[in-house]
Amino acid sequence: MKQVYLKRGKEESLLRFHPWIFSGAIHHTDNDVAEGESVRVLTAGGQFIAVGHYQQGSIAVRVLSFSDVEIDPAFWLARLQSALDVRKALGLTDNPQTNAYRLVHGEGDHLPGLIIDIYDRTAVMQAHSIGMHLARKDIAQALQQVMQGRIQHFYYKSETTLPFMEPENGFIVGGSDDNTAMENGLRFRVDWLRGQKTGFFVDQRENRSLLEHYARGRRVLNMFCYTGGFSFYALRGGAQLVHSVDSSAKAIELTRANVDLNFPADPRHEAFCEDAFQFLNKANAQQDYDLIILDPPAFAKHRGALHNALKGYTRLNEKAFEKILPGGILFTFSCSQVVSKDHFRNAVFTAAAQAGRKVRVLHQLHQPADHPINIYHPEGEYLKGLVLYVE
């Protein structure tokens, strides 16, 4: 295994078990280290400190272990078994009502750069590092062993996460046209071929379930609906009507398909392919809704975009506060990793003040337990949400 040498004093974050080594901390590397290769990391004094995947860029090494181990089939087996044990403890692996969950959540499962979501008998993998891309077949083999026949198909989907490499999406193991999965007894189609992320946002499972309890008799607006998850939960919860809005025609098509899977031809649901701000600005949308969901895509994907992102969250939430009926409930989210809980809360509170509404916080929401946060990597806490009562 080739070696990477740190500058003096740059091992401090690693002594606190942070799993990232930034390029500025590196003094030099062995001459022939290739991108994606497993490397040993040494301090300036020559002491071993970590093993990880090397890559050009801001994050130069993603740490796989703080022990001097080989990254071999036994390593992948052990890490995937550990991840599966957590999901077993959560009651997700043998739940007759839910067969969709996250099995591997990057740094949260000590596998930085790797995402694996389970949809019934299909696993969908995304690599966020070249090292995980190169190891994809070894990971697929280890996953088959760990899952003991429960997974028959392994789909690889990294075109959007590694665009500079142009990896081909496709099945590594098996191949299936059955893309229907289940969450809390509701069925949905997963577009792992063309959809965002792995095809469905499994991180909102518990928050969708909470919304169901607030939906009875309400007029619901689901903004940025994507695949319609919040919409069909609202329908099951007894909503009077549900309007789903997304600027993507593909998302609207998938939303309609998912609603029809659970509530065929239900007259309470209508979907609109339209820009969120344009829809909220329409005169006929004013004061129509008493339950609104704002679940936009990440407004900030890097720290330099934080200021504009916070302005965007403030503007969007102010529009919702202006439109929602008195006594209404607002579910509002940010999935931007660089936006902290305090940043997001301040943006929403500013929006409430600017709209002149009295607002109470009913719930503070976050990602579910199958998206665990490594205690040494607070950056892994990306999903923030608030449930608000608006007078």
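Colleague: In strand 20, which residue is the bridge partner of Leu-330?

Modeller: The partner of Leu-330 is Leu-388, in strand 20. Please note that this is a predicted model. As a general idea, strands of a sheet pair through backbone hydrogen bonds, in either a parallel or an antiparallel manner. Here, strand 18 (residues 328–334) and strand 20 (residues 384–390) run antiparallel and are joined by seven bridges. Phe-333 also has its bridge partner in strand 20, namely Gly-385.

Colleague: How many bridges join strand 19 to strand 20?

Modeller: Seven bridges join them, and the two strands run antiparallel. His-363, for instance, stands opposite Val-387 of strand 20.

Colleague: Is strand 20 mostly covered or mostly uncovered?

Modeller: Strand 20 is mostly covered, as six of its seven residues are buried. When reading side chains along a strand, one should recall that in a regular strand they alternate between the two faces of the sheet.

Colleague: In what order do the seven strands form the sheet?

Modeller: The order is 16-15-14-17-18-20-19, in an open sheet with mixed pairing. Strand 16 (269–273) and strand 19 (359–366) are the edge strands, each pairing on one side only. On average, neighbouring strands are turned by 15 degrees against each other, direction ignored.

Colleague: Which strands does helix 7 touch?

Modeller: Helix 7 (residues 249–262) packs on the sheet and touches strand 15 (241–246) and strand 16. The direction of helix 7 makes about 170 degrees with that of strand 16. Helix 9 (residues 306–323) lies across strand 17 (291–294), strand 18, strand 19 and strand 20. Relative to strand 18, helix 9 runs at about 165 degrees.

Colleague: Turning to single residues, why does Ser-231 count as buried?

Modeller: The criterion for a buried residue is a relative accessible area under 20%. Ser-231 counts as buried because its relative accessibility is 0%. This residue lies in helix 6 (residues 229–236).

Colleague: Which residues does Ser-231 touch, not counting residues up to four places away in sequence?

Modeller: Ser-231 touches Asn-222, Val-242, Ser-244 and His-269. With Ser-244 there is a polar contact of 2.6 Å between the side chains.

Colleague: Is Ala-265 buried or exposed?

Modeller: A residue is read as exposed when its relative accessible area is over 50%. Ala-265 has a relative accessible area of 71% and is therefore exposed. Ala-265 lies in the loop between helix 7 and strand 16. From Gly-174, Ala-265 is 91 residues apart in sequence and 34 Å apart in space, C-alpha to C-alpha.

Note on methods:
Residues numbered from 1 in each chain as written. Predicted model: local features only at pLDDT ≥ 70, side-chain atom pairs only at ≥ 80, totals over all residues. Heavy atoms only, no water. Pairing = 2+ DSSP bridges. Helix = DSSP H or I, 4+ residues; strand = E, 2+ residues; numbered from the N terminus. Axes fitted to C-alpha atoms, helices over the stretch in contact; angles between N-to-C directions. Contact = heavy atoms within 4.5 Å. Buried < 20%, exposed > 50% of the residue type's maximum accessible area, 1.4 Å probe, protein only. Polar contact = N/O pair within 3.5 Å; in protein donor to acceptor, adjacent residues only side chain to side chain.
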